[in-house]
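Visitor: I would like to learn how to read the packing and the hollow spaces of a model such as this one. Could you take me through the features in turn, with the general idea before the case at hand?

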Amino acid sequence: MSSKNVRLEVMQFLEKDVESLIKKYLIPIDSIWQPSDFLPNSEGDNFFEEVREIRELSKELPYDFWVVLVGDMITEEALPTYESWLMDVEGVDQVDKENSWGKWVRHWTGEENRHGDVLNKYLYLSGRVNMREIEITTQHLIADGFDIGTDRDPYKNFVYTSFQELATYVSHNRVAKLAKDKDNKQLAKMCKIISGDEMRHHHAYSEFVERIFKVDPSQMMLAFHHMMKLKIAMPAHFLRESGNKIGTAFEEFSNTAQRIGVYTSTDYVDILDKLIKRWEIDKITNLTDDAEKARDYLMKLPSRMYRLSERIRIPENSFQFKWVEPAVIK
């Protein structure tokens, strides 16, 4: 049987447990927080006073902070791309409404969608950013799509999402701490609760991988090896500003995030190390010779990458993004 057919068989075998995993890792829609919980009440008498407070507190936040917050928001707003990608994965069926994998993707998307909503509205109310330029970048990112090197392979996609959800947890959590340090408690609370969602989702996708390791260890090991050798591409790696070519804004956005310590090359290696330990890669048995070689590669990879990360030098000066006008950020 081809590896593709085996993957489909494994996805069908695991599907019986997806409903319970939805209950375990996702929160009922009527119970979960919504963007309006963290924003001024437009129906209330104090709406304008609350907006003024946001604008005043926003003046205390530096330029690089706004660049990172904008980049995080745009990444979250590109969710239609991620949903359409996952709906095309082997074993996920969006036509058959009874397909539990399709239900997972839809419900996961519904939770994630709130992140872009709340950050977008906050940025709009803050008065510190150029919303039209941000909207152009967001539309470009959705229109340009993305290629994360996973094809339609569920094993590779679940490695990717396990990694990426933890990366977004780190990013939003660090932004929350920076906001708190500037006494912007509401923004800090908002970013903190977003990071909590990302951590829940990370645990879910990591459990998907754990379950696959139990039934198809060699192919799952090879998929993990493939993704880490390829390197995990960030979902916003095609980021661009108006008038520029695809991908031209991502490196500078990444430099900004590293410069203020929101997401660094060391964090990347830390996440890899956490996944290796979580999945107990060193203890998995019944591997083929190729899978054993893949395991050896993975076990040695963090120490090699830590050495490389120590050599990386980030530019000290901020790049001028169209999203944020330096003249506005004092």
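Visitor: Let me begin with one helix: what covers the buried residues of H5?

Guide: Please keep in mind throughout that this is a predicted model. The cover of the buried residues of H5 includes H4, H6, helix H7 (131-144), H8 and helix H9 (185-215).

Visitor: Which residues of H5 are buried, and how should I read their placement around the helix?

Guide: The general idea is to list the buried positions and then to look at the directions in which they point from the helix axis. In H5 the buried residues are Leu79, Thr81, Tyr82 and Leu86. Because they cover an arc of only 155° around the axis, they lie on the same side of H5.

Visitor: How do I go from a single helix to the core, and which residues of the largest nonpolar core touch the most other members?

Guide: As a general matter, nonpolar side chains in soluble globular proteins tend to be buried together. Here the largest nonpolar core has 104 residues, and those that touch the most other members are Leu69, Trp104, Phe163 and Phe224. To follow one of them, Phe163 is in contact with Met228, Ile232, Met234, Tyr263, Tyr268, Ile271, Leu272 and Leu275, when residues up to four places away in sequence are left aside.

Visitor: Turning to enclosed spaces, how many cavities of 30 Å³ or more does the structure hold, and what lines the largest cavity?

Guide: A cavity is read by its volume, then by its lining, and finally by the elements that supply the lining. The structure holds two cavities of 30 Å³ or more, and the volume of the largest cavity is about 230 Å³. Its lining consists of 18 residues, with Tyr82, Trp108, Tyr160, Gln164 and Pro235 nearest the centre. Two or more residues each come from H4, helix H5 (79-86), H6 and H8, and H8 gives the largest share, namely six residues. Tyr82 thus belongs to two accounts, as it is buried in H5 and is also one of the residues nearest the centre of the largest cavity.

Visitor: How do the linings of the two cavities divide by class?

Guide: The largest cavity has nine nonpolar, five polar and four charged residues in its lining, whereas the lining of the second largest cavity has eight nonpolar residues, no polar and no charged ones. That second cavity has a volume of about 50 Å³, and the residues that line it are Leu86, Val89, Val92, Trp101, Trp104, Val105, Phe158 and Tyr205. The largest share of this lining, three residues, is given by H6.

Visitor: And for open spaces, which residues lie nearest the centre of the largest pocket?

Guide: A pocket can be read in the order used for a cavity. The largest pocket, with a volume of about 760 Å³, is lined by 35 residues, and Met234, Phe250, Ser254, Tyr263 and Tyr268 are nearest its centre. The elements that contribute two or more residues to this lining are helix H4 (63-77), helix H8 (154-181), helix H11 (250-259), helix H12 (265-278) and helix H13 (289-309). H11 supplies the largest share, seven residues, and by class the lining has 19 nonpolar, 11 polar and five charged residues. Met234, Tyr263 and Tyr268 are also among the contacts of Phe163.

Visitor: What does the second largest pocket look like in these terms, and which element gives the most to its lining?

Guide: The second largest pocket holds about 240 Å³ of space. It is lined by 15 residues, of which Leu26, Ile27, Pro28, Ile29 and His107 are the closest to its centre. Helix H2 (18-25) and helix H6 (100-126) each give two or more residues, and H6 gives the most, with six residues. The lining divides into six nonpolar, three polar and six charged residues.

Visitor: Finally, I would like to place some individual aspartates; is Asp197 buried or exposed?

Guide: Asp197, in helix H9, has a relative accessible area of 3% and is therefore buried. Beyond residues up to four places away in sequence, Asp197 touches Trp33, Arg114 and His115.

Visitor: Where are Asp151 and Asp183 found, and how should I read their backbone?

Guide: A positive phi deserves a look when the residue is not a glycine. Asp151, in the loop between H7 and H8, has a positive phi of about 55° and is exposed, with a relative accessible area of 60%. Asp183, in the loop between H8 and H9, has a positive phi of about 65° and is exposed, with a relative accessible area of 56%.

Terms used: Residues are numbered from 1 along each chain as its sequence is written. This is a predicted model: local features need pLDDT of at least 70, side-chain atom pairs count only at pLDDT 80 or more; totals for chains, interfaces and linings use all residues. Side-chain values use heavy atoms; hydrogens and water are left out. On a 1 Å grid over the protein atoms alone, a cavity is a set of points where a 1.4 Å probe fits but cannot get out, and a pocket is an open set with protein on both sides within 12 Å along at least five of seven lines; lining residues have an atom within 4 Å of a point. Grid points are joined across faces, edges and corners, and a volume is the space filled by probe spheres set on the points. Helices (H or I, at least four residues) and strands (E, at least two) are DSSP runs, numbered from the N terminus. Ala, Val, Leu, Ile, Met, Phe, Trp, Tyr, Cys and Pro count as nonpolar, Asp, Glu, Lys and Arg as charged, and the others, Gly among them, as polar. Buried means under 20% relative accessible area, exposed over 50%, partly exposed in between (1.4 Å probe, protein chains only). The arc is that of the directions from the helix axis to the C-beta atoms. Contact means heavy atoms within 4.5 Å. A nonpolar core is a set of buried Ala, Val, Leu, Ile, Met, Phe, Trp, Tyr and Cys residues joined through side-chain atoms within 4.5 Å.
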